[in-house]
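Please look at the chain displayed below and keep it in view while reading. The paragraphs that follow go through it step by step, beginning with the way in which helices cross.

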Amino acid sequence: MIIELRNSEMASMAASSIAAPSSVNKGRLSSLFLSPPDRLPHRNAFFLPLKKLGSSSAVPLAKTDAGLAFSPLPLGNRSFLPTVELSTRVLGFSLSSQLVRRRPIERLVVKAAAAYEEEGHLEPAAKSFGERFPALVTGFFFFTWYCLNVIFNILNKKVYNYFPYPYFVSVVHLLVGVVYCLGSWSVGLPKRAPINKELLLVLTPVAFCHALGHVMSNVSFAAVAVSFTHTIKALEPFFSAAASQFVLGHQIPLSLWLSLMPVVLGVSMASLTELSFNWTGFISAMISNISFTYRSIYSKKAMTGMDSTNVYAYISIIALFVCIPPAILIEGPKLMQHGFSDAIAKVGLVKFLSDLFWIGMFYHLYNQVATNTLERVAPLTHAVGNVLKRVFVIGFSIVIFGNKISTQTGIGTAIAIAGVAMYSLIKANMEEQKRKAAAEAPSS
């Protein structure tokens, strides 16, 4: 007598077992049998004794060891094979008063399939391009993230040269992103995660800080050179460490505080001789740093289990509603009187609308790709990537806009970026040690 697991049962079994190797799938094994070795149903079938899966699994069957038989080819007519209903979690049957003990089916089949592949009967599954070249794919993500960020910064600054209304432009950034998210939800890419009142209350502080930080960044971009704004924003780790120490009560090691000293020194040097310096740009960038610091604090309280794409979509929607009132109150009258008409007179209606659309699209895309990129790498790589991105943006902005900087500004910017790099590396190493300690704790 032979008991057969048909393809449908194998598919259910594979779905119920997260430990199954990726190379084993229902398209490569047409059937799985429990059979004595002298009654294999197909000449190409592979027999594996149960005792090979563990000494406690060997079961006598009519004076012959039972085993798992794999058939890699269709068997044609199986009418002579009686089938039984089997649970996807437990394999159990009886034969001639011999009872085969119940055991988790996924553990049994995973071991058998692994042995089957070791015997050379199953070719390795074809790997995707990403599996074969993971470093190349990750590098492409970083390159795309940097390019999108540079394009956004360049287009954003060019718009401010003829349309200096950062509150309204901030609304456009978020509006285009929200429309993009709604369109993605409508086609199920990704599927919209449900939201309730409790989750809305959790995400609202995050969205408020995101909105304030975003608007203040744009006010700074409109007032001073892009390179200078990014230099000021290099102070963000300092504000993050201060908030962790004095707001959350976390003890910050002395090594981290020491690594932040070059950041403060470098930003101070760059600010003193920056040719485009003004207090509006400087203070706005500093408020942006504080806002994004508190956004990080509230984000830790908003760990909802929702995927990052949906979380960012909801935050963008809430932030949009936060940004609209100040844009109307602060810039609304000027826009209606001469803001829109002056911009259209300078570049034309089509280019004006096109520029607004594309800065919003690139803003959303670079943030989305940044999230996808940082999910693929370790904390250390994440830290290095963030520092290199800032260097990338500062360098390109100086080249594209031809901003003249003094020697002291250049040296100060370099010192600040070096300090951020040092801080990021120390912080990433600390996080990695915490993660390893947490992972080893249950086993010790």
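The structure is a predicted model, and a suitable starting point is the pair α6 and α7, where α6 passes α7 in a right-handed crossing. Helix α6 covers residues 197–223, and helix α7 covers residues 226–233. Their axes come within 8 Å and cross at roughly 140°. How should such an orientation be described? Angles over 145 degrees count as roughly antiparallel, and those from 65 to 115 as roughly perpendicular; α6 and α7 are therefore oblique to each other.

Between α6 and α7 there is a loop, and Ala225 has its place in that loop. Is Ala225 buried or exposed? Its relative accessible area is 8%, and buried means under 20%, so Ala225 is buried. Ala225 can also be related to a distant part of the chain: Gly281 lies 56 residues away along the sequence, yet the C-alpha atoms of Ala225 and Gly281 are separated by 8.8 Å.

Helix α6 also packs against helix α5, which comprises residues 166–186. The angle between α5 and α6 is about 130°, and their axes are 9 Å apart. That angle makes α5 oblique to α6. The crossing of α5 and α6 is right-handed.

The loop between α5 and α6 contains Pro190. A peptide bond of the cis form joins Leu189 and Pro190, with omega at about 0°. For comparison, most peptide bonds are trans.

Attention may now turn to the surface. Which residues make up the nonpolar surface patch? The patch consists of Phe208, Leu212, Trp279, Ile283 and Ile287, and its area is about 490 Å². Two elements, α6 and α10 (279–301), each give two or more residues to this patch. The largest share, 3 residues, comes from α10. One of the patch residues, Trp279, is found in helix α10. Trp279 has a relative accessibility of 57%; because exposed means over 50%, Trp279 counts as exposed.

A further feature appears in helix α12, which comprises residues 349–374. How many salt bridges are counted in the model? The count comes to 1. In helix α12, Asp355 forms a salt bridge with Lys351, and the closest N and O atoms of the two are 3.3 Å apart. Asp355 and Lys351 both lie in α12 and are 4 residues apart, which is about one turn of the helix. At 14% relative accessibility, Asp355 counts as buried. Lys351, at 43% relative accessibility, counts as partly exposed.

Helix α12 also holds Tyr363. With 5% relative accessibility, Tyr363 counts as buried. Tyr363 and Val172 are 191 residues apart along the chain, and their C-alpha atoms are separated by 9.9 Å.

In review, α6 takes part in a right-handed crossing with α7 and in a right-handed crossing with α5. Helix α6 is also among the elements that give two or more residues to the nonpolar patch. The salt bridge between Asp355 and Lys351 is placed within helix α12.

Key: Residues are numbered from 1 along each chain as its sequence is written. This is a predicted model: local features need pLDDT of at least 70, side-chain atom pairs count only at pLDDT 80 or more; totals for chains, interfaces and linings use all residues. Side-chain values use heavy atoms; hydrogens and water are left out. Patches are made of residues with over 30% relative accessible area and no salt bridge: like charges are joined within 9 Å, nonpolar side chains (Val, Leu, Ile, Met, Phe, Trp, Tyr) within 5 Å. Accessible areas come from the Shrake-Rupley method with a 1.4 Å probe; for residues, only the protein chains shown count as cover. A salt bridge is a side-chain nitrogen of Lys or Arg within 4 Å of a carboxyl oxygen of Asp or Glu. Buried means under 20% relative accessible area, exposed over 50%, partly exposed in between (1.4 Å probe, protein chains only). Axes are lines fitted to C-alpha atoms, for helices over the stretch in contact, and angles run from 0 to 180 degrees between N-to-C directions. Angles under 35 degrees count as roughly parallel, over 145 as roughly antiparallel, 65 to 115 as roughly perpendicular and the rest as oblique. A crossing is left-handed if the near helix is turned anticlockwise from the far one by less than a right angle, and right-handed if clockwise.
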